[in-house]
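Work through the exercises below with the structure open. Try each task before reading its solution.

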Amino acid sequence: MKRLIIFLSLFLFLIPLSGQSLMTSIVADQKVAANPYGPELITNGSFTTDTNWDKLNGTTISGGEAILNSSTAYSNHLRQISIGIQNQHTYKVDLDITNYISGEIKVGLGDLTNGVYSILITANGSYSFELYLNDVLAPFDIIIFSFDVGPILHIDNVSVKEKY
C-alpha cells in the first residue's frame, strides 16, 4: 500500500497544471533545445544585391560582400533600420570578416550612442555574439561601425536572430 501511495504521488507530480499533456511539454522543450533561435531578422545579409543596407563613409556592396575602405574612425559604415528587435531581448549576431587589412569594427544593436555592442573585431574570421539589448533609447537597428581606426576589410553573412 505504501508503494502505491508513493507511485500515485509521483504520477500526480508529473501531470502539468497548465492543461498541456506531459508529451506536448516534452516535445515543445525538445524543439527549443534543438533550435533556440527565432527567424532571420536581416534582409540581404549575404549582400547578393546592393539593397537593404545604408552604406556610409566609403562602404560599397559588390561581389556578394560589403567592402569597408575608410580612414574614418568612430562612424557608421553599414546600417539596416527597424529590423524587428525589441528592448530587453537577447539576439545572436553572426558575421564573417574576410580580406582584413586594417582597422577595428564593432557590431551593434542600436546606434553609436545608445544600444549594445560586440567586442572589437580586428582580424579575418567568423564571429558570433549574443547581445542583450537593454536600452530604451536605442533604435531597433543593426549597425557596423568603426572604432578607433578606420577599417579596410570585407563583410559577409550577417545574421541576427532572437534567442528564445
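**Exercise 1. A loop serine**

Does Ser70 count as buried or exposed, and why?

Solution. Begin with a caution: this is a predicted model. Next, place the residue. Ser70 sits in the loop between strand 4 and strand 5 (76–80). Now take its relative accessibility, which is 9%. The cut-off for buried is under 20%. Ser70 therefore counts as buried. Then list what surrounds it. Ser70 touches Asn57, His77, Gly150, Pro151 and Ile152, leaving aside residues up to four places away in sequence. Asn57 also offers a polar partner: its backbone oxygen lies 3.3 Å from a polar atom of the Ser70 side chain.

**Exercise 2. Confidence and overall make-up**

Find where pLDDT stays under 50, then describe the chain as a whole.

Solution. Start with the averages. The mean pLDDT of the chain is 86, and 80% of its residues reach 70 or more. Then locate the weak stretch. Over residues 4–28, pLDDT stays under 50. For that stretch the model has five contacts beyond four places in sequence.

Now count the elements. There are two helices and eleven strands. Along the sequence they follow the pattern α-α-β-β-β-β-β-β-β-β-β-β-β. Turn to contacts between residues at least 6 apart in sequence: 73% of them join residues at least 24 apart. Finish with the surface. Of the 164 residues, 38% count as buried. The chain exposes about 9,400 Å², and carbon and sulfur atoms supply 59% of that area.

**Exercise 3. The open sheet**

Trace the order of the five-strand open sheet, then follow strand 7 to its partners.

Solution. The order is 2-5-10-7-8, with antiparallel pairing. Strand 2 (54–55) and strand 8 (115–117) are the edges, as each pairs on one side only.

Take strand 7 and strand 10 next. They pair in the antiparallel sense over five bridges. Leu109 has Ile142 as its bridge partner in strand 10. Ile105 is matched with Ser146 in that strand.

Move to the other neighbour. Strand 7 and strand 8 run antiparallel, joined by three bridges. Gly108 stands opposite Tyr117 in strand 8. The two strands form a hairpin, with four residues between them.

Last, check burial. Six of the six residues of strand 7 are buried.

**Exercise 4. The largest nonpolar core**

Which residues of the largest nonpolar core touch the most other members, and which elements give two or more residues to this core?

Solution. The core holds 29 residues. Leu95, Ile142, Ile155 and Val158 touch the most other members. Two or more residues come from each of strand 4 (65–69), strand 6 (89–102), strand 7 (105–110), strand 9 (125–133), strand 10 (142–146) and strand 11 (152–163). In soluble globular proteins, nonpolar side chains tend to be buried together.

Now look around Leu95. Beyond four places in sequence, its contacts include Val107, Ile121, Phe129, Ile144, Ile155 and Val158. Polar residues also appear, among them Ser126, Asp156 and Asn157.

**Exercise 5. An aspartate in strand 6**

Which side chain makes a polar contact with the side chain of Asp94?

Solution. Locate Asp94 in strand 6. List its contacts beyond four places in sequence: Tyr127, Ser128, Asn157, Val158 and Ser159. Then pick out the polar partner. The side chains of Asp94 and Ser128 make a polar contact at 2.6 Å.

Terms used. Residues are numbered from 1 along each chain as its sequence is written. Side-chain values use heavy atoms; hydrogens and water are left out. A nonpolar core is a set of buried Ala, Val, Leu, Ile, Met, Phe, Trp, Tyr and Cys residues joined through side-chain atoms within 4.5 Å. Buried means under 20% relative accessible area, exposed over 50%, partly exposed in between (1.4 Å probe, protein chains only). Contact means heavy atoms within 4.5 Å. Accessible areas come from the Shrake-Rupley method with a 1.4 Å probe; for residues, only the protein chains shown count as cover. A polar contact is a pair of N or O atoms within 3.5 Å; within protein, one must be able to donate a hydrogen and the other to accept it, and residues adjacent in sequence count only if both atoms are side-chain atoms. pLDDT is the predictor's confidence in each residue, from 0 to 100. Two strands pair if DSSP finds at least two bridges between them.
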